[in-house]
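I open a page for this chain and note what I look up, entry by entry.

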Amino acid sequence: MSELTLLLLRIGFLVVMWFFVFGVIYSLRSDLFGVRARKLPDSGTIDTPRPTPALKREPGPSAPTEPVARPRREAPAAGGAAVRDAVSRIVITSGPKAGLEIPLGDHPITIGRSRESGLVIRDDYTSSHHARLVLWGEQWMIQDLDSTNGTWHDGERVASPVPIRVGAPVKVGATTFELRK
């Protein structure tokens, strides 16, 4: 072999080795710090039911003096979306934490292996920051955070934020959960 061929092989080997090193560093960085989550568009850009204005009650002789009473909204007909008042908790149906119930508030819940997550799931198929549950207007949405194994809602992979139906299974890694009343 000539010296030129040997030199080109050495340089080629170094280039391949550096691509490998940068790939490992990128993988470690995304596993340790997570990836950026895509922002949800404003709730005014899709057709979601608007909250009804608060109703004022007149205090009567037997009525307690309550300045504002909010009407309770019922869940829409079959096939419709679940509203916030109809959903009060997450129930894990299978996986390492089967049977666990988590109450829902108004704040987003991050799901993943990270200690910073609202729902920590420690299994080999869950990313550090795997998915996020977001209350968008009156509707709970599931958003995949570019996880390796994906997030599944009712048997379909979640590519963009998707409304969650009450009782429909949501799979994150090896864990399945449902939103319930």
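**Entry 1: a glutamate and its partner.** I started at Glu101, which is partly exposed with a relative accessible area of 46%. The model is a predicted one. I looked for a charged partner and found that the side chains of Glu101 and Arg89 form a salt bridge, 2.9 Å from N to O. Arg89 belongs to strand β3 and Glu101 to strand β4 (residues 101–103), so I noted the pair as linking distant parts of the chain, 12 residues apart. Arg89 is also partly exposed, because its relative accessible area is 25% and the buried class ends at 20%.

**Entry 2: the other salt bridges.** How many salt bridges does a search of the whole structure find? I counted 3. Side chains of opposite charge can pair when their charged atoms come close. Arg165 and Asp154 make one of them, at 2.2 Å from N to O. I placed Arg165 in the loop between β11 (162–163) and β12, and Asp154 in the loop between β9 (151–153) and β10 (156–157). This pair therefore ties together parts that are 11 residues apart in sequence. I recorded Arg165 as partly exposed at 33% relative accessible area, and Asp154 as partly exposed at 36%.

I then turned to Arg180 and Glu178, whose side chains meet in a salt bridge of 2.9 Å, N to O. Are these two buried or exposed? Arg180 has 29% relative accessibility and counts as partly exposed. Glu178 has 15% and counts as buried, because the cut-off for buried is under 20%.

**Entry 3: overall layout.** I listed the secondary structure and got 1 helix and 13 strands in the protein chain. In sequence order the helix comes before the strands, the pattern being α-β-β-β-β-β-β-β-β-β-β-β-β-β. Of the 181 residues in the protein chain, 30% are buried. I also looked at contacts between residues at least 6 apart in sequence: 41% of them join residues at least 24 apart. The surface the chain exposes comes to about 12200 Å², with 58% of it from carbon and sulfur atoms.

**Entry 4: confidence.** The mean pLDDT of the protein chain is 77, and 71% of its residues are at 70 or more. I noted that residues 43–84 have a pLDDT below 50, although this stretch has 48 contacts in the model beyond near neighbours in sequence. Where pLDDT is low, the predicted coordinates should not be read in detail. Which elements hold the lowest and the highest mean pLDDT? Strand β2 (residues 68–69) has the lowest, at 34, and strand β12 (residues 170–172) the highest, at 94.

**Entry 5: the core.** I searched for nonpolar cores, and the largest has 20 residues. Ile90, Leu133, Ile142 and Phe177 have the most contacts inside this core. Strands β3 (89–94), β5 (109–112), β7 (131–136), β8 (139–144), β12 and β13 (175–180) each supply at least two of its residues. Strand β7 gives the most, with 3 residues.

I took Phe177 and went through its contacts, leaving out residues up to four places away in sequence. Its list includes Ile90, Val91, Ile92 and Thr93, and further on Ile111, Leu133 and Ile142. Phe177 also touches Ala168, Pro169, Val170 and Val172.

**Entry 6: the helix and a surface patch.** I looked for nonpolar side chains at the surface and found a patch of about 620 Å², made by Leu4, Leu7, Leu8, Ile11, Val15 and Phe19. Of these I checked Ile11, which lies in helix α1 (residues 3–33). Ile11 is partly exposed, at 44% relative accessible area.

**Entry 7: two loop residues.** Where does Ser127 lie? I found Ser127 in the loop between β6 (119–120) and β7. Ser127 is buried despite its loop position, with a relative accessible area of 13%. Apart from its neighbours within four places in sequence, Ser127 contacts Gly112, Arg113, Ser147 and Thr148.

Last, I looked at Asp146, in the loop between β8 and β9. Asp146 counts as partly exposed, at 46% relative accessibility. From Asp146 to His130 I noted 7.1 Å in space, C-alpha to C-alpha, for a separation of 16 residues in sequence.

How values were computed. Residues are numbered from 1 along each chain as its sequence is written. This is a predicted model: local features need pLDDT of at least 70, side-chain atom pairs count only at pLDDT 80 or more; totals for chains, interfaces and linings use all residues. Side-chain values use heavy atoms; hydrogens and water are left out. Helices (H or I, at least four residues) and strands (E, at least two) are DSSP runs, numbered from the N terminus. Buried means under 20% relative accessible area, exposed over 50%, partly exposed in between (1.4 Å probe, protein chains only). Contact means heavy atoms within 4.5 Å. Accessible areas come from the Shrake-Rupley method with a 1.4 Å probe; for residues, only the protein chains shown count as cover. Patches are made of residues with over 30% relative accessible area and no salt bridge: like charges are joined within 9 Å, nonpolar side chains (Val, Leu, Ile, Met, Phe, Trp, Tyr) within 5 Å. A salt bridge is a side-chain nitrogen of Lys or Arg within 4 Å of a carboxyl oxygen of Asp or Glu. pLDDT is the predictor's confidence in each residue, from 0 to 100. A nonpolar core is a set of buried Ala, Val, Leu, Ile, Met, Phe, Trp, Tyr and Cys residues joined through side-chain atoms within 4.5 Å.
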